[in-house]
Amino acid sequence: MSQLDQLPDQDPAETAEWLESLDSAARTGGPHRAAHLLRRMADRAGHLGADLPPLLETPYVNTVPTAEEPAYPGDEELDRRITAWNRWNAAAMVTRGNRRAGLGGHIATFASAAWLYETGFQHFFRGKEADGSGDQLYVQGHASPGVYARAFLEGRIDEARLDRFRQEAGGDGLPSYPHPRRLPWLWEFPTVSMGLGPLSAIYQARFNRYLEHRGIKDTSRSRVWAFLGDGEMDEPESTAALALAARERLDNLTFVVNCNLQRLDGPVRPNFKIVQELEAQFRAAGWHVVKSLWGSAWDPVLARDTDGALVRRLREVPDAQFQTYATRDAGYVRDHFFGADPRPARPRRRSRRRRAAGAVPHLARRPRAPQGARRLPGRRRAPGRADRRPGADRQGAHPGPRLRVPQRQPPDEEAHRQGVPRDAGPAGAADPRPRARRRPRAVRAPRRGLPRGPLPARAPRGPRRPGPRPQGRPQAPPAAVREALRGAPQGLRHPGDRHHHGVRPAGQGPAAGQGDRPALGPRRPRRGPHLRHGVPLPTAGLYSPAGQTYDPVDRDQLLYYKEAKDGQILNEGITEAGSLASFTAAATSYATHGEPMIPFYIFYSMFGWQRTADQFWALADQLGRGFVIGATAGRTTMTGEGLQHADGHSHLIASTNPAAIGYDPAFAYEVAVIVREGLRRMYGPEAEDVFYYLTVYNEPKVQPAMPPGVEEGILKGLYRYREAAAGLPSDAPRLQLLSSGTAVHWALDAQRLLADDWGVAADVWSAPSWTELRRDALACDAARLRGEDRVPYVTRALHGAPGPVVAVSDWMRAVPDQIAPWVEQDWTSLGTDGFGLSDTREAARRHFGVDPRSVTVAALAALARRGEVKPETVREATARYALDL
């Protein structure tokens with residue numbers, strides 16, 4: 001019985017005849033013959049439009065049959081010469097730097113993929129046009145020497161700079177990997193943090209569609225190319241978003257997975273077949289896969305494999321054994337490969353003369369497959385294998401690459417064997433140099449039928465908007481700013497109550513329908529049910545390439561769940577990695593498309609920086625600009641969720657990122673001032689390559705109006721919010737309470753307790769940014785070493801303030817402790833160190849010792865250490881507030 005027996009069968013007799021035919025084929029030709037017939041039937045059924053799931057794995061041969069290969073669209077010999085030059089130059093560059101200084105580098109990656117890259121450069125990649133349009137190219141990080149080699153042939157890099165590979169301290173060297181921040185005119189995308197390239201490429205392709213569907217820019221001719229390694233596909237981020245690409249039909253995206261069968265320090269799947277594994281994975285996710293495995297020399301051999309024995313033998317040999325074949329002589333291959341089964345050996349004996357010309361099977365195919373793939377609409381490519389030349393099949397350690405020239409011949413002979421003319425440039429037996437004398441014209445001329453301009457290239461452009469306003473000054477909605485600055489005594493809630501987690505890019509230009517005043521608002525990349533609290537879903541809409549194909553259950557409500565093809569909010573689901581990849585695409589649109597966007601990424605608790613700190617680092621490398629909002633921030637503001645949700649450390653993680661401008665605002669007017677300054681710094685005439693990180697809380701608080709003269713302090717990171725209560729004696733003990741975020745309210749309550757219960761005068765300071773205070777202080781220290789007389793802002797702000805300083809926040813103590821070295825007064829910090837816990841906010845704050853009563857006792861203890869209050873006072877306060885339980 002079969003589960004298919006549950007389905008209606010209009011003609012059971014016909015079904016039985018088909019099954020009998022299959023049984024007969026299996027008895028006569030064996031199970032392999034039956035499997036072949038089933039594959040052919042499934043293939044024909046697909047052409048007939050039958051609704052059948054695709055096979056997840058196809059035979060271990062090239063996807064495009066030899067008879068279907070189109071003619072090569074150019075001068076194949078010239079392309080071979082250019083590829084040989086680039087391969088040699090890349091290897092020479094790395095080897096020279098490694099011999100001089102032991103700098104390391106990678107040869108195998110580009111050596112194995114050189115044909116793939118050169119075919120793309122010559123025939124597929126579209127350079128940048130005048131409006132910034134063109135393709136986006138994600139280069140496999142370890143293949144960067146090959147890109148530098150091609151830029152050298154194009155005249156974009158001279159030999160002197162090529163000779164400074166991995167030597168950046170002097171300011172004119174080449175970064176080891178694709179680093180836009182280090183080489184911003186060349187690299188667009190940082191890709192060498194393995195797995196981030198594929199993830200980012202998918203969301204970049206989706207963002208291209210987003211721009212088109214919103215009418216902001218025509219990106220219909222832009223294609224995203226991601227060159228990846230088979231070892232890189234082990235990273236979960238590499239395959240995390242494959243289903244998204246298929247679900248949204250991103251036929252503007254191509255993955256090229258170069259399966260050279262090795263990671264940095266060993267085989268990828270020693271006992272298995274990585275190509276077949278990846279094919280199944282991509283096909284299961286809905287991708288179209290094209291495999292390119294065997295060179296043209298294998299075509300007649302495979303054609304004589306009439307019973308499929310050779311193909312089966314190729315399929316069963318594990319990957320690590322193929323690496324061995326690539327390095328051994330013909331006798332070893334004959335004994336171990338063909339000797340294992342006499343049937344595959346038969347066609348080889350009939351072609352003995354041909355095989356003698358090439359001792360080792362060429363485990364590569366000149367990548368003609370892209371032409372075949374382009375003929376099919378909506379196709380994406382996954383595994384293919386490229387040339388295995390010297391350097392491509394070595395399992396060297398990470399820091400020790402070498403140009404492995406056989407001892408029996410000098411480097412010039414080895415270069416000639418690889419297709420580089422002997423007289424192309426100077427070379428010595430111990431000092432191979434890049435070849436540069438006879439540069440092929442095709443490298444300098446515009447590429448065939450493609451837009452002018454080389455790739456990769458990064459060319460940021462300013463915003464283009466109509467009207468008389470100055471270029472590059474997008475303005476926040478004035479009404480929202482005025483509301484925040486003036487406050488709302490009637491009970492406007494703390495800004496955190498409006499933000500849960502999300503990102504919303506604000507489109508610009510007349511096509512977006514917003515002129516030069518982009519709408520600023522939250523965009524939600526996480527759970528759907530959390531989306532509706534204060535979010536303008538019906539007006540902005542959630543972006544969906546399919547629009548809304550259903551009638552939402554909450555359609556009768558004011559804030560219903562609205563999806564639209566031109567929706568503004570990108571709802572990513574439960575994927576912090578995907579949300580940040582989407583944010584990165586929007587945050588760098590000013591460079592990739594010449595179309596600045598203002599994205600807001602709002603995430604939930606600790607699940608931003610803790611989960612995706614590596615991506616935030618890549619965002620900084622890619623020079624992204626935008627606003628990151630850490631919602632439900634702090635260790636004690638959402639304690640019902642427990643240990644794994646209570647965020648008391650994200651600001652500390654963010655402080656390690658030089659491009660992150662971190663703030664922990666306490667009031668709505670602080671948020672308004674910070675966002676306004678962020679717009680100026682990131683999108684003004686002298687735009688900076690930074691992004692803003694703001695933490696907001698989930699507590700309803702009355703928002704006061706902004707006191708006069710505090711804007712500088714807000715931006716610098718510290719200002720006095722409320723002086724000590726009047727009416728205390730002039731000789732009353734005094735101290736300074738510094739606080740940030742929701743902890744300002746604890747400090748204000750502690751200020752009242754100190755005055756009412758103990759006669760202590762305390763000034764309350766708001767510290768919107770501990771990190772910016774520290775960075776300013778570090779800059780002043782460096783300036784003093786240069787002989788300049790600069791005093792840190794925090795030192796100047798607190799200078800002369802009486803008494804000790806007690807700092808408190810909803811973060812671990814290391815966050816406010818960042819500024820302790822530059823505070824003249826006695827320093828005490830309170831924080832939420834340790835794991836979070838589930839309880840009420842009041843109980844959690846009492847547990848961590850940061851509630852108003854705990855702050856009061858800590859302040860008294862600081863005064864007692866100075867002899868300004870009696871020690872008995874501290875013990876009395878501890879008992880009075882029941883803190884000794």
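What share of the contacts in the protein chain with a separation of 6 or more comes from residues 24 or more positions apart? The answer is 77%. Keep that in mind while going through the views below, and remember that this is a predicted model.

**View 1. The whole chain, for getting your bearings.** Start with the full protein chain, which has 33 helices and 17 strands. It runs to 885 residues, and 56% of them are buried. On the outside, the chain exposes about 37,200 Å², with carbon and sulfur atoms supplying 51% of that area. Searching the whole structure for salt bridges turns up 36, and a few of them get their own views here.

**View 2. Helix H3 meets helix H5.** Here we zoom in on H3 (residues 76-101) and H5 (residues 144-153), whose axes come within 8 Å and cross at roughly 115°. The crossing is right-handed. On the H3 side, look for Ile82, Trp85, Asn86, Asn89, Ala90, Met93 and Val94. Facing them from H5 are Pro145, Gly146, Tyr148, Ala149, Arg150, Phe152 and Leu153. Sorted by class, this contact has ten nonpolar residues, three polar ones and one charged one.

**View 3. A buried salt bridge between Arg150 and Glu118.** Stay with Arg150, one of the H5 residues that touch H3. Arg150 also pairs up with Glu118 in a salt bridge, and their closest N and O atoms are 2.7 Å apart. The two come from distant parts of the chain: Arg150 belongs to helix H5 and Glu118 to helix H4 (residues 108-123), with their positions 32 residues apart. Are these partners buried or exposed? Arg150 has a relative accessible area of just 3%, under the 20% cut-off, so it counts as buried. Glu118 is buried as well, also with 3%.

**View 4. Two loops joined by Arg263 and Asp234.** In this close-up, the side chains of Arg263 and Asp234 form a salt bridge, at 2.7 Å from N to O. Arg263 lies in the loop between strand E3 (253-258) and helix H10 (274-284), while Asp234 lies in the loop between strand E2 (224-229) and helix H8 (236-239), so the pair ties together parts that are 29 residues apart in sequence. Arg263 is partly exposed, at 34% relative accessibility. Asp234 is partly exposed too, with a relative accessible area of 34%.

**View 5. Arg334 and Asp335, plus a salt-bridge network.** The side chains of Asp335 and Arg334 meet in a salt bridge, with 3.9 Å from N to O. Asp335 is exposed, with 51% relative accessible area, whereas Arg334 counts as partly exposed at 39%. Elsewhere, salt bridges with shared partners join Glu118, Arg150, Glu154 and Arg156 into one network.

**View 6. Backbone oddities in three loops.** First up is the peptide bond from Leu455 to Pro456, which is cis, with omega near -10°. Pro456 sits in the loop between helix H19 (441-444) and helix H20 (478-486). Next comes Ser605, which has a positive phi of about 55° despite not being a glycine. You'll find Ser605 in the loop between strand E9 (600-604) and helix H24 (609-621), and it is buried, at 1% relative accessible area. Leu623 isn't a glycine either, yet its phi is positive at about 65°. Leu623 is in the loop between H24 and strand E10 (627-631), and it counts as buried at 4% relative accessibility.

Conventions
Residues numbered from 1 in each chain as written. Predicted model: local features only at pLDDT ≥ 70, side-chain atom pairs only at ≥ 80, totals over all residues. Heavy atoms only, no water. Axes fitted to C-alpha atoms, helices over the stretch in contact; angles between N-to-C directions. Helix = DSSP H or I, 4+ residues; strand = E, 2+ residues; numbered from the N terminus. Left-handed = near helix turned anticlockwise from the far one by under 90°. Contact = heavy atoms within 4.5 Å. Nonpolar A, V, L, I, M, F, W, Y, C, P; charged D, E, K, R; others polar. Salt bridge = Lys/Arg side-chain N within 4 Å of Asp/Glu carboxyl O. Buried < 20%, exposed > 50% of the residue type's maximum accessible area, 1.4 Å probe, protein only. Areas by Shrake-Rupley, 256 points an atom, 1.4 Å probe, with all protein chains shown as cover.
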